[in-house]
Amino acid sequence: MNSMSLAPQLSQPNLNQHKAVRYTSELIRRRSITPEDAGCQQWLGAKLAALGFKVSHYQDQGVSNLLAELDERPALLALAGHTDVVPPGDLSRWQSPPFAATLAGDLLIGRGAVDMKSGLAVMLAAVEDHINCHGMPGANWQFIVTSDEEGEAEFGTRALVERLAALGRLPKYCVVAEPTADKRAGDVIKIGRRGAISARLSLKGKQGHVAYPKKAVNALHMAARVMQALETLSWDEGSDDFPGTSLQVTHVDSGEFTDNIVPGSCEICFNIRYSYRYSQGDIIERIQRCLDDLALGEDAICLQWERGCQPYHTQENDGQSLIAQVESAIFEVTASFPRLSTSGGTSDGRFLSSPQTQVIELGLPNHTIHQVNERVEIAEIVRLYQIYRALLRRFDDHG
């Protein structure tokens, strides 16, 4: 375990010129709104090739993907992220152009400053400086990068993982640079995410006049029964490090309103966030059983499932686990241990996690992600860079 001291405190002008900050600015200036990459991966690939990585670029259904490896052995460590960003929204509300990478005092402002061009820049800068200082690592390292994390994510990281699995080169450990921190880089890491799946339930009744209810079947009344049944379902309550399962109705639509018509159709939309204790199949089976118990009739119900995302959960099994190594690197830099969390939405960690691969997410404070004037303290980029430098030394030692 290398416990060498880290770089001394730098002044603000020096921080502004830090390699990780410059690389972040370079990526922000490329307008890579999902699924566009806008040349980000070509720039990353050129940098990685100069370090000795074998770089492969793929186009999958309009999505740009990059895979870089030092050699053809199964990788000990993979570094993963995405080059795409969400749209900037109302440009008039930005204090500077969202793709200008503006330095304002101790802040860097721009779309992707937090989510997550900074994370990719930190990874690249840390690997570059590690190799320049220590030479090529003894183990194989990978970069796994996509331009479709913020979108449907059908042809991004999933496609790269399928390629690696077919080649027998899935990594043993993988770190994703998603923004995970609360106040300072390294104070929170994600060790998993809940699964998610949405449903669209169409109910068919019989339209009629409100004065003659016996001649109609009120689809809204059917919907009320369905929602009550869904609300009363009991799920797991979760644990200290993993939230429980929950179901939320997100939309109800019975068509155009007229006060003297019994609605003959209704659509209910709902979303389920579920823990690793369930599979997607378990969720679907349970909901179907609930609907069957209502005995509304086969012709009265049409259920469609959408946007399924599997959960993942990495457990700390021994001193050589990924969680232990990341905790140790963070402690070396910050003199404190991170809080382990599984909160938030979904991430590409779900595709990377497998029985062969332990996954954690380690990134910047996330309070401005997807917001107008997305911004990050420059010192936090440098702090995250120092953590990744400490982490890489641990995975070079393993080689």
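Analyst: A quick definition first: a residue is called buried when its relative accessible area is under 20%, exposed when it is over 50%, and partly exposed in between. Please also keep in mind that this is a predicted model.

User: Thanks! With that in hand, is S321 buried or exposed?

Analyst: S321 sits in the loop between β18 (312-313) and α8 (322-334). Its relative accessible area is 0%. The cut-off for the buried class is under 20%, so S321 counts as buried.

User: Which residues is S321 in contact with, leaving aside its neighbours within four places in sequence?

Analyst: Happy to list them. S321 belongs to a loop, the one between β18 and α8. Once neighbours within four places in sequence are set aside, its contacts are Y173, E316 and Q358.

User: Stepping back, how many helices and strands are there in the protein chain?

Analyst: The chain has 399 residues, and 54% of them count as buried. Along the principal axes, its C-alpha atoms fill a box of roughly 85 × 50 × 40 Å. As for the elements, the chain holds 10 helices and 21 strands.

User: What share of the contacts with a separation of 6 or more comes from residues 24 or more positions apart?

Analyst: Here we take the contacts in the protein chain with a separation of 6 or more and ask which of them join residues 24 or more positions apart. Those pairs account for 80%.

User: Which residues of α2 are buried?

Analyst: Helix α2 covers residues 19-28 and is mostly covered, as eight of its 10 residues are buried. In general, an α-helix has 3.6 residues a turn, so residues three or four places apart point the same way. The buried residues of α2 are K19, A20, V21, Y23, T24, S25, L27 and I28.

User: On to charges: how many salt bridges does the count come to?

Analyst: The chain carries 38 positive and 49 negative charges, whose mean positions are 2 Å apart. A pair needs a side-chain nitrogen of Lys or Arg within 4 Å of a carboxyl oxygen of Asp or Glu. By this rule the salt bridges come to 17.

User: How many residues apart in sequence are the parts that R200 and E267 tie together?

Analyst: The side chains of R200 and E267 meet in a salt bridge at 3.1 Å, N to O. R200 is in strand β10 (residues 195-204) and E267 in strand β16 (residues 265-274). R200 counts as partly exposed, because its relative accessibility is 27%. Since the two partners lie in those strands, the parts they tie together are separated in sequence by 67 residues.

User: Which residue does D236 meet in a salt bridge?

Analyst: At 15% relative accessibility, D236 counts as buried. The N to O distance in its salt bridge is 4.0 Å. D236 is in the loop between α6 and β12 (238-239), and its partner, 41 residues apart, is in the loop between β16 and α7. That partner is R277.

User: How far apart are the closest N and O atoms in the salt bridge of R393 with E332?

Analyst: R393 is in helix α10 (residues 378-397) and E332 in helix α8, so their pairing ties together parts that are 61 residues apart in sequence. Both R393 and E332 are buried. Their closest N and O atoms are separated by 2.5 Å.

User: Which residues do salt bridges that share partners join into one network?

Analyst: One member is already familiar: K19 is among the buried residues of α2. Through shared partners, salt bridges link three residues into one network: K19, E128 and D129.

User: And which residues gather in a patch of negative charge on the surface?

Analyst: Let's start from D299, which lies in the loop between α7 (280-294) and β17 (301-309). With 71% relative accessibility, D299 counts as exposed. The patch of negative charge is made up of D292, D293, E298 and D299.

User: Which residues make the nonpolar surface patch?

Analyst: Carbon and sulfur atoms hold 47% of the chain's accessible surface of about 17800 Å². The nonpolar patch covers about 190 Å². One of its members, L220, lies in helix α6 (residues 219-231) and is partly exposed at 33%. The full set is L220, V249 and V252.

User: Last one: which residues does R158 touch, not counting those up to four places away in sequence?

Analyst: R158 is in helix α5 (residues 157-167), and its relative accessible area of 29% makes it partly exposed. The C-alpha atoms of R158 and A329 are separated by 28 Å, with their positions 171 residues apart along the chain. Beyond its sequence neighbours, R158 touches A153 and F351.

Definitions and conventions:
Residues numbered from 1 in each chain as written. Predicted model: local features only at pLDDT ≥ 70, side-chain atom pairs only at ≥ 80, totals over all residues. Heavy atoms only, no water. Patch = residues over 30% accessible without salt bridge, like charges linked within 9 Å, V, L, I, M, F, W, Y side chains within 5 Å. Areas by Shrake-Rupley, 256 points an atom, 1.4 Å probe, with all protein chains shown as cover. Lys, Arg positive; Asp, Glu negative; His and termini not counted. Charge placed at Lys NZ, Arg CZ, Asp CG, Glu CD. Helix = DSSP H or I, 4+ residues; strand = E, 2+ residues; numbered from the N terminus. Buried < 20%, exposed > 50% of the residue type's maximum accessible area, 1.4 Å probe, protein only. Contact = heavy atoms within 4.5 Å.
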